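Could you walk me through this model in the viewer, one selection at a time? I would like to know what to click on next and what is there.

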Amino acid sequence: MQVYSIDGITPVVDPSAYVHPTAVLIGDVIVGPNCYVGPNAALRGDFGRLILKAGANLQDTCVMHGFPGTDTVVEEYGHIGHGAVLHGCHIGRNSLVGMNAVVMDGAEIGPECIVAACAFVKAKFECPERSMVVGSPAKVIRQVSDQEIGWKTKGTEEYQELARRSLATMTRVEPLTEVEPDRARIEIDSVKPKYQTKND
């Protein structure tokens with residue numbers, strides 16, 4: 001991982017967390033146990049503090065930042081999808097922020113919420129527990145179901161397992177020049193896309 005101290009403040013990464021070598025951590029960043037930080041994620045703690053709590057994930061090309069004197073927090077089991085931007089906001093326990101969503105300063109996403117892909121959550125937006133947040137600008141459209149929370153939680157647990165798999169087996173290698181006979185597949189059967197779970 002690419003880790004930089006600034007003004008004498010150095011990022012902290014729990015030994016059980018996995019941070020991809022291309023991710024960048026600067027300054028006041030705290031990554032808790034069993035977290036996963038994906039390729040090319042940028043956590044810039046050069047103004048405010050950035051906190052990923054236990055079991056959270058921040059996927060590829062995500063950005064975390066905030067204004068001076070602020071905390072940008074992802075609570076336990078938080079799940080931040082590919083390309084999302086978090087700026088000076090608070091993401092509640094076991095909530096999901098979808099791919100390419102933007103959550104702005106002072107926004108408070110309650111526990112067990114789902115922020116849809118590509119949503120734009122305005123500054124100081126507040127939503128209660130178990131809200132489905134959609135649109136640009138984002139609004140609460142309904143409550144999240146038990147089935148949706150179960151699906152989300154399974155997905156987050158797979159990212160916790162991915163942190164363990166990555167720590168144990170990921171290595172930098174040269175590519176093969178051709179596909180080998182009987183090429184193995186990565187077998188993970190516990191999580192399906194949401195559209196495949198509607199009738200489960």
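Start by selecting Arg93 and Tyr77: the charged end of Arg93 sits over the ring of Tyr77, at 5.5 Å from the ring centre. Keep in mind throughout the tour that this is a predicted model.

**Stop two: the aromatic pairs**

Next, turn to the rings. Searching the whole structure gives two aromatic pairs. For one of them, show Tyr18 and Tyr36: their ring centres are 5.9 Å apart and their planes meet at 20°, so this pair counts as stacked. Tyr18 belongs to strand 3 (residues 18–19) and Tyr36 to strand 5 (residues 36–37), so the pair links distant parts of the chain, 18 residues apart. Are these two tyrosines buried or exposed? Tyr18 has a relative accessibility of 8% and counts as buried, because the cut-off for buried is under 20%. Tyr36 is buried too, with a relative accessible area of 7%. Now add Tyr159 to the selection, and you have one aromatic cluster made of Tyr18, Tyr36 and Tyr159.

**Stop three: the open sheet**

Strands 3 and 5 lead into an open sheet of eight strands, whose order is 3-5-7-10-13-16-19-20 and whose pairing is mixed. Which strands stand at the edges? They are strand 3 and strand 20 (138–143); each has a single partner strand, so one side of each is left without a neighbour in the sheet.

Stay at the strand 20 end for a moment. Strand 19 (residues 131–135) pairs with strand 20 in the antiparallel sense, over five bridges. To see the two strands face each other, select Val134 and Lys139 of strand 20, which stand opposite one another. Then look at the loop between strand 19 and strand 20, where you will find Pro137. The peptide bond leading from Ser136 to Pro137 is cis, with omega near 0°. Most peptide bonds are trans.

**Stop four: two backbone angles**

Most residues other than glycine have a negative phi. Select Arg130, in the loop between strand 18 (126–127) and strand 19; its phi is positive, near 60°. Asn40 is not a glycine, yet it has a positive phi of about 60°. You will find Asn40 in the loop between strand 5 and strand 6, and it is partly exposed, with a relative accessible area of 49%.

**Stop five: parallel neighbours**

From that loop, move on to strand 6 (residues 42–52), which pairs with strand 9 (residues 71–74) in the parallel sense over four bridges. Click on Ile51 and you will see Val73 of strand 9 opposite. Strand 9 also pairs in the parallel sense with strand 12 (residues 90–91), here over two bridges. In this pairing, Val74 stands opposite Ile91 of strand 12.

**Last stop: the largest pocket**

Finally, select Gln59, His79, Leu96, Met99 and Trp151, the residues nearest the centre of the largest pocket, out of 25 that line it. The space in this pocket comes to about 590 Å³. Which elements supply at least two residues each of the lining? Colour strand 13 (96–97), strand 16 (114–115) and helix 1 (146–169) to see them. Helix 1 gives the largest share, with eight residues. If you colour the lining by residue type, expect 13 nonpolar, six polar and six charged residues.

Terms used. Residues numbered from 1 in each chain as written. Predicted model: local features only at pLDDT ≥ 70, side-chain atom pairs only at ≥ 80, totals over all residues. Heavy atoms only, no water. Pairing = 2+ DSSP bridges. Phe/Tyr/Trp six-rings, centres within 6.5 Å; stacked < 30°, edge-to-face > 60°. Buried < 20%, exposed > 50% of the residue type's maximum accessible area, 1.4 Å probe, protein only. Lys NZ or Arg CZ within 6 Å of the ring centre and 35° of its normal. 1 Å grid on protein atoms, 1.4 Å probe; cavity = no way out; pocket = protein on both sides within 12 Å on 5 of 7 lines; lining within 4 Å. Points joined across faces, edges and corners; volume = space filled by probe spheres on them. Nonpolar A, V, L, I, M, F, W, Y, C, P; charged D, E, K, R; others polar.
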